[in-house]
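Good morning, and thank you for the time on today's agenda. I should like to take you through one chain, from its surface to its sheet.

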Amino acid sequence: MNGRFTRDFLSTITHLIADQCNSESAKYKEAMKVEVPVVSAAWIDEAWRQVTKERSMVMMTLEEVINKFKVPIFAGMVVTASGLKGQSRDEVIRLVPENGGEFTGEMKKATCTHLITDQSESEKVKRAKQWGTVKIVGTMWVRRSIEKKISHLSEEQKRGQSCLSSDRFLGRVRSK
């Protein structure tokens with residue numbers, strides 16, 4: 001297949017293999033910066049299948065092929081919300097799973113990764129701050145992550161502090 005694996009992110013890297021979009025990973029940050037696609041290991045499996053079983057020469061670097069294997073922006077995230085009402089809540093409930101994440105009404109310390117809220121105080125916000133493991137983000141973060149196709153957290157969010165937006169509604173954000 002002529003591919004080469006390296007643990008380092010070199011200037012010759014063409015694809016980053018990952019199971020989630022981890023904004024704290026140096027490799028992920030660099031891949032986003034230089035526009036290297038982040039794809040799942042299934043991309044390699046499919047390339048191998050094409051070569052060995054199908055005897056096909058499908059160009060695995062074509063954009064339409066890569067798009068089938070891109071890691072969804074919210075993959076690996078378990079998301080809950082607090083204080084969102086109506087359209088804003090409905091949009092979060094729809095957009096998170098459409099972009100690879102799991103939405104749940106409950107916030108469990110062992111599984112929840114993100115709390116979406118536009119409030120500075122609620123029971124969930126209080127617990128997320130106490131636990132220090134749940135990233136507190138606003139609805140604007142959801143929109144920007146989808147639009148920019150990158151899950152970026154500020155330093156405050158990484159520390160479990162609230163970083164909220166005055167943008168109360170997601171509006172008509174299109175996923176994928």
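The chain exposes about 10700 Å² of surface, and 50% of that area is supplied by carbon and sulfur atoms. Please bear in mind that this is a predicted model. As for the interior, of the 176 residues in the chain, 40% are buried. Turning to contacts with a separation of 6 or more, 61% of them join residues that lie 24 or more positions apart.

Now to the secondary structure. The chain holds seven helices and six strands. Read from the N terminus, the elements follow the order β-α-β-α-α-β-α-β-β-α-β-α-α.

How are the strands of the sheet ordered? Four strands make up an open sheet, in the order S4-S3-S5-S6, with parallel pairing. The edges are taken by strand S4, residues 102-103, and strand S6, residues 135-137. Each of these has a single partner strand, so one side of S4 and one side of S6 remain without a neighbour in the sheet.

Let me dwell on the S6 side. Strand S5, residues 114-117, pairs with S6 in the parallel sense, and three bridges connect the two. Within this pairing, Leu115 is found opposite Ile136 of S6.

Which helix packs on the sheet here, touching S5 and S6? That is helix H5, residues 123-131, which also touches strand S3, residues 78-82. The direction of H5 makes about 145° with the direction of S5.

That concludes my presentation, and I welcome your comments.

Definitions and conventions. Residues are numbered from 1 along each chain as its sequence is written. This is a predicted model: local features need pLDDT of at least 70, side-chain atom pairs count only at pLDDT 80 or more; totals for chains, interfaces and linings use all residues. Side-chain values use heavy atoms; hydrogens and water are left out. Two strands pair if DSSP finds at least two bridges between them. Contact means heavy atoms within 4.5 Å. Axes are lines fitted to C-alpha atoms, for helices over the stretch in contact, and angles run from 0 to 180 degrees between N-to-C directions. Buried means under 20% relative accessible area, exposed over 50%, partly exposed in between (1.4 Å probe, protein chains only). Accessible areas come from the Shrake-Rupley method with a 1.4 Å probe; for residues, only the protein chains shown count as cover.
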